[in-house]
Amino acid sequence: MSSYTYKRVFLVVMDSVGIGEAPDAEKFGDKGADTLGHIAEHMNGLNMPNMAKLGLSNIEEVKGVPKAEKPLAFFTKMEEASSGKDTMTGHWEIMGLRIDTPFRVFPDGFPDELINELEERTGRKIIGNIPASGTEILDQLGQEHVDSGALIVYTSADSVLQIAAHEDVVPIEELYDICKIARELTLDEKYMVGRIIARPFVGEAGNWKRTSNRHDYALKPFERTVMNELKDSGFDVISIGKISDIYDGEGVTKSLRTVSNMDGMDKLVETTAMDFTGISFLNLVDFDAVYGHRRDPEGYGKALEEYDTRLPDVFANLKEDDLLIITADHGNDPTAPGTDHTREYVPLLAYSPQHKEGKQLDIRKTFADIGATIADNFNTRMPKHGKSFLQDLN
């Protein structure tokens, strides 16, 4: 008989699916933010019967999603303890860290000092240096880049420095080397850039196409996470989507790449068919990148409904000693001004076929409670932050 309650834990992060303003939202300029609530209002109700059965509207009522009389999952919402509202901060906290110095964002582009040093170290001029979407910046500057060989540098509402280059102009290996230089230059606390991203593309003016040779250079977590403890104790840590990039590979035993939310759900279902002991950790990035930042509540709503249709495939493969945890890492209210994330509570739903019926859990004061619960389940070293709710799941 195993010494843990759950042999496999499937952790799903619905990237940016917040469930209402956090108590300190006003400090972040996010008073009134409510990603799920405002999307549901915009759609005149969301059709999410499977999340409804788990107990989504038992946390906070979402228009169109009925409250469950007997929710399948244990349910509550979580407050972020770290100082920030970005992807890395949220994910690192989920795995037991607390970030008190937030990663920096650059709404006006990067400082001249950094750009000048990057030009000097790489031997290439830099154009752009503005916040932009990856497709827009290619339309604006792709031809100038091809003609001049200058690097296209841009950022977003996240803490990222992205470098785009045509594969025929800047060979892939050179672009990767350039990104490594950028990573080295931005390790300084005055920059605190979460990720450097290589964004190679091909094609010609009017028909630029980003390739699959993207590569992320993230900061390493500044301390060991629950994932490190699991891996070092011989457990499996399967990352799906951008999870491996977010933790810079730390604590990952197997990494599965994805190209979309639906591909992510396909990969999740694949892992439910695998025999492993440990965690399968999925990030569904489209909610954030494709709809939240682009302020598209209609597209966001449809994506949520599409995701919901895939949950029965997951449920069907869960065994008695499996645990499914569904949560988020921050908000990104597509009805809010600007393009930045929003400081919100995130939902927490924990379901296992062995549960007879779900119940309400206390509101969690930190996302790290998830990491603490996973560590508790597998009897590994507990993180410094977080309180396990393992014993409450009965």
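1. UniProt positions are given here in the numbering used for this structure, and such annotations may be inferred rather than shown by experiment. The model itself is predicted. According to the unreviewed UniProt entry, the annotation "binding site" covers Asp288, His293 and His341. These residues are spread over 54 residues of sequence, yet they cluster in space, with a largest C-alpha distance of 8.5 Å. Of this set, Asp288 and His293 belong to the lining of the largest pocket.

2. Asp288 sits in helix H11, which spans residues 286-292. Its relative accessibility is 1%, and Asp288 therefore counts as buried, the limit being under 20%. Leaving aside residues up to four places away in sequence, Asp288 touches Asp15, Ser16, Thr87, Asp158, His293, His330, Asn332 and His341. Two residues in that list, His293 and His341, also carry the "binding site" annotation in the UniProt entry.

3. His293 is placed in the loop between H11 and helix H12 (297-317). His293 is buried too, with a relative accessible area of 14%. Its contacts, again without residues up to four places away in sequence, are Ala157, Asp158, Asp288, Asn332, Thr339 and His341.

4. The main sheet to look for is an open one of seven strands, in the order S2-S13-S12-S1-S11-S9-S10 and with mixed pairing. S2 and strand S10 (254-256) are its edge strands, each pairing on one side only. On average, neighbouring strands of this sheet are turned by 15° against each other, direction ignored.

5. At the S2 edge, S2 and S13 run antiparallel and are joined by five bridges. One bridge partner can be named: Phe75 is matched with Leu349 in S13.

6. Two helices lie across strands of the sheet. Helix H10 (residues 261-272) lies across strand S1 (8-14), strand S9 (236-240), S10 and strand S11 (278-284), and runs at about 170° to S11. H12 lies across S1, S11, strand S12 (322-327) and S13, and runs at about 165° to S12.

7. How many salt bridges does a search of the whole structure find? The search finds 29. In one of them the side chains of Glu79 and Lys365 meet, at 3.8 Å from N to O. Glu79 lies in the loop between strand S2 (74-78) and helix H4 (87-94), and Lys365 in the loop between strand S13 (346-351) and helix H13 (368-378), so this pair ties together parts that are 286 residues apart in sequence. Glu79 is buried, with a relative accessible area of 16%, whereas Lys365 is exposed, at 59%.

8. Helix H7 takes part in further salt bridges. Glu184 pairs with Arg121, their closest N and O atoms being 3.3 Å apart. This pair links helix H7 (residues 172-185), which holds Glu184, to helix H5 (residues 112-122), which holds Arg121, across 63 residues. Glu184 is partly exposed, with a relative accessible area of 46%, and Arg121 is partly exposed at 39%.

9. Arg124 forms a salt bridge with Glu174, with 2.8 Å between the closest N and O atoms. Because Arg124 lies in the loop between H5 and strand S3 (126-131) and Glu174 in helix H7, the pair ties together parts that are 50 residues apart in sequence. Arg124 counts as buried at 18% relative accessibility, while Glu174 counts as partly exposed at 26%. Elsewhere, salt bridges that share partners join Arg224, Glu229, Asp232 and Arg381 into one network.

Note on methods. Residues are numbered from 1 along each chain as its sequence is written. This is a predicted model: local features need pLDDT of at least 70, side-chain atom pairs count only at pLDDT 80 or more; totals for chains, interfaces and linings use all residues. Side-chain values use heavy atoms; hydrogens and water are left out. A salt bridge is a side-chain nitrogen of Lys or Arg within 4 Å of a carboxyl oxygen of Asp or Glu. Helices (H or I, at least four residues) and strands (E, at least two) are DSSP runs, numbered from the N terminus. Buried means under 20% relative accessible area, exposed over 50%, partly exposed in between (1.4 Å probe, protein chains only). On a 1 Å grid over the protein atoms alone, a cavity is a set of points where a 1.4 Å probe fits but cannot get out, and a pocket is an open set with protein on both sides within 12 Å along at least five of seven lines; lining residues have an atom within 4 Å of a point. Contact means heavy atoms within 4.5 Å. Two strands pair if DSSP finds at least two bridges between them. Axes are lines fitted to C-alpha atoms, for helices over the stretch in contact, and angles run from 0 to 180 degrees between N-to-C directions.
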